[in-house]
Amino acid sequence: YVLHLPKKSNVSFKLGIAVHESLARAGDIWKLTQKFTKDNIIEIKDVYNKTAAAEGISDTNIYHDGMQMVLARVNDFANGDILTIEDRFKVTTNEGVMLTGAMDKVEALSEDSILVTDYKTSKYFETTAELKADIQLSVYDVVASIKYPDYERIVLSLDYLRGDQVFTYRT
């Protein structure tokens, strides 16, 4: 990213972009209405269709797989009150380490707990040990503690769109 090198394109990356874009739109709608109407579902599907086409997803099996992931999540979208969707960050820790990225979804579970979710379109599911050591979730934990200091507890999640959402935390 720093050197602005060209990204190697592959169908999994393209699928991830299409799914993330449509779920980001779903999150924007949910933040406003706390539900999805039939028209909202059509709009979310349209975002997926346009992004999949723009990304060049031509394999119909992959296209339909992505649409199924989006529709499954739309039917079970929020665990709490959504604070942000695609929360882009560039923060510096007290030690001077700069962290940049984006958290897919941040929700308030209670007045003292938040949930940071990262969507995963891969077919690989991390083991419990891998989940506990996942560096991306560890970075999200640090960033969330900086960006959301009023929350005492940070729950971290990988939302496997082909399966279940799994949860962890850092101490």
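I'll start with a pocket: the second largest one in this model holds about 170 Å³ of space. The model is predicted, so please hear everything that follows as a statement about a prediction.

What lines the second largest pocket? The residues are Val 11, Ser 12, Leu 15, Asn 61, Ile 62, Asp 65, Thr 121, Ser 122, Lys 123 and Arg 162. Sorted by class, that lining has 3 nonpolar, 4 polar and 3 charged residues. Two helices each supply at least two residues of the lining: helix 1, which spans 11–33, and helix 3, which spans 60–74.

One of the lining residues is Ser 122. Ser 122 sits in the loop between strand 3 and helix 4, the latter covering 128–133. Its relative accessibility is 34%, so Ser 122 counts as partly exposed. For a sense of distance, take Val 106, which is 16 residues away from Ser 122 along the chain; the two C-alpha atoms are separated by 21 Å. Val 106 will come up again in the sheet.

Now the sheet. It is open, made of 5 strands in the order 1-2-3-4-5, with mixed pairing. Strand 1, residues 81–92, and strand 5, residues 165–168, are the edge strands, each pairing on one side only. On average, neighbouring strands of this sheet are turned by 35° against each other, with direction ignored. As a reminder, strands of a sheet pair through backbone hydrogen bonds, in either the parallel or the antiparallel sense.

I'll go through the pairs in order.

Strand 1 and strand 2, the latter being residues 98–108, are antiparallel over 10 bridges. Within that pair, Thr 84 has Val 106 in strand 2 as its bridge partner. Lys 90 stands opposite Thr 100, also in strand 2. The hairpin of strand 1 and strand 2 has 5 residues between the strands, and in that hairpin Gly 96 takes a positive phi near 90°.

Next, strand 2 and strand 3. These run antiparallel and are joined by 4 bridges. Lys 105 stands opposite Thr 117 in strand 3. The connection is a hairpin through 4 residues. How many residues of strand 2 are buried? The count is 8 of the 11, so strand 2 is largely enclosed by the rest of the structure.

Then strand 3 with strand 4. In what sense do they pair, parallel or antiparallel? Strand 3 and strand 4 are parallel, over 8 bridges. An example is Leu 115, whose bridge partner in strand 4 is Val 155.

Last pair: strand 4 and strand 5, antiparallel, with 4 bridges between them. Leu 156 has Thr 168 in strand 5 as its bridge partner, and Ser 157 has Phe 167, again in strand 5. A hairpin through 4 residues joins strand 4 to strand 5. In strand 4, 7 of the 8 residues are buried, so strand 4 is largely enclosed by the rest of the structure.

What lies across the strands? Helix 5, residues 135–147, lies across strand 1, strand 2, strand 3 (113–120), strand 4 (153–160) and strand 5. Helix 5 runs at about 95° to strand 1.

That leaves the backbone. Most residues other than glycine have a negative phi. I have two residues to show against that background.

The first on my slide is Gln 34. Its phi is positive, near 60°, and it is not a glycine. Gln 34 is found in the loop between helix 1 and helix 2, where helix 2 spans 38–55. With a relative accessible area of 40%, Gln 34 is partly exposed.

The other is Glu 86. Where is Glu 86 found? It is in strand 1, and strand 1 is one of the edge strands. Phi of Glu 86 is near 50°, again a positive value in a residue other than glycine. The relative accessibility is 23%, and buried would require under 20%, so Glu 86 counts as partly exposed.

To recap: a pocket of about 170 Å³, a mixed open sheet of 5 strands, helix 5 lying across those strands, and a positive phi at Gln 34 and at Glu 86. That is all I have; questions are welcome.

How values were computed
Residues numbered from 1 in each chain as written. Predicted model: local features only at pLDDT ≥ 70, side-chain atom pairs only at ≥ 80, totals over all residues. Heavy atoms only, no water. 1 Å grid on protein atoms, 1.4 Å probe; cavity = no way out; pocket = protein on both sides within 12 Å on 5 of 7 lines; lining within 4 Å. Points joined across faces, edges and corners; volume = space filled by probe spheres on them. Nonpolar A, V, L, I, M, F, W, Y, C, P; charged D, E, K, R; others polar. Pairing = 2+ DSSP bridges. Axes fitted to C-alpha atoms, helices over the stretch in contact; angles between N-to-C directions. Contact = heavy atoms within 4.5 Å. Buried < 20%, exposed > 50% of the residue type's maximum accessible area, 1.4 Å probe, protein only.
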